[in-house]
Amino acid sequence: MSERDVFEYALLRVVPRVERGECFNAGVVVYCRARSFVAARTHLDENKLRALDPDADVVGVRAALRAVEGVCRGGEDAGQAGCEDAGRRFRWLIAPRSTVVQPGPVHTGLTADPEAEVDRLLDLLVR
């Protein structure tokens, strides 16, 4: 059995009309401290988005989801958070906010492969 490490994850929720509070899952952010790993995968279901808000800004929501993925990758293109370590980028991304793309609560688990965990959780909880 390979060594497993603790990881944390949060779902990314799309809340098209914040005042109504209706939402659906559109991505996941995974962080594993032991491996200095943070990554996000997203999947926007446009039909769900339009069902909750026919006038939703699909392009804007996609851009917000891509921005989360960019912050996880880090670097210059990720803005101010891009130069932080993986843990700080994760904490920045999971901070509560009242925007169209919001993080859900943080959950934990054990994994031998954080990269595979991101895809597994996306398939299980988003798609």
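Here is a short tour of this predicted model, from the whole chain down to two residues.

**Stop 1: the whole chain**

Start with everything shown as a cartoon. You should find 4 helices and 4 strands. Follow them from the N terminus and the order reads β-β-β-α-α-α-β-α. The radius of gyration is 15 Å, close to the 14 Å that the globule rule gives for 127 residues, so the chain is as compact as a globular protein of that length. Now switch to the C-alpha trace and turn it about: along its principal axes it spans about 50 × 35 × 20 Å.

**Stop 2: inside and outside**

Next, bring up the surface. The chain exposes about 7200 Å², and carbon and sulfur atoms supply 47% of that area. What share of the 127 residues is buried? The figure is 43%.

Color the charged residues while you are here. There are 18 positive and 20 negative charges in the chain, and their mean positions lie 2 Å apart.

Then hide the surface and think about who touches whom. Take the contacts between residues at least 6 apart in sequence: 62% of them join residues at least 24 apart.

**Stop 3: L65**

Select residues 58–73, which form helix α2, and pick out L65 within that helix. Is L65 buried or exposed? L65 has a relative accessible area of 3%, so it counts as buried, the cut-off being under 20%.

To see what surrounds L65, show the side chains of L12, A26, T42, L44 and V101; L65 touches these residues, leaving aside anything up to four places away in sequence. Before moving on, draw a distance from the C-alpha atom of L65 to that of G79: the two residues are 14 apart along the chain, and the separation comes to 15 Å.

**Stop 4: T111**

Now select strand β4, residues 101–111, and go to T111. T111 has a relative accessibility of 4%, so this residue counts as buried too.

Zoom in on the T111 side chain. Which backbone atom does it reach at 3.0 Å? Look for the backbone nitrogen of D113.

Finally, light up the other partners. Setting aside residues up to four places away in sequence, T111 touches E3, R4, D5, F7, R35 and E117. Show those side chains together with T111 and rotate the view to see how they are arranged around it.

**Last look**

Zoom back out and keep both residues selected: L65 in helix α2, and T111 in strand β4.

How values were computed:
Residues are numbered from 1 along each chain as its sequence is written. This is a predicted model: local features need pLDDT of at least 70, side-chain atom pairs count only at pLDDT 80 or more; totals for chains, interfaces and linings use all residues. Side-chain values use heavy atoms; hydrogens and water are left out. Helices (H or I, at least four residues) and strands (E, at least two) are DSSP runs, numbered from the N terminus. The radius of gyration is taken over C-alpha atoms; the globule rule is 2.2 Å times the number of residues to the power 0.38. Buried means under 20% relative accessible area, exposed over 50%, partly exposed in between (1.4 Å probe, protein chains only). Contact means heavy atoms within 4.5 Å. Accessible areas come from the Shrake-Rupley method with a 1.4 Å probe; for residues, only the protein chains shown count as cover. Lys and Arg count as positive and Asp and Glu as negative; His and the chain ends are not counted. The place of a charge is taken as NZ of Lys, CZ of Arg, CG of Asp or CD of Glu. A polar contact is a pair of N or O atoms within 3.5 Å; within protein, one must be able to donate a hydrogen and the other to accept it, and residues adjacent in sequence count only if both atoms are side-chain atoms.
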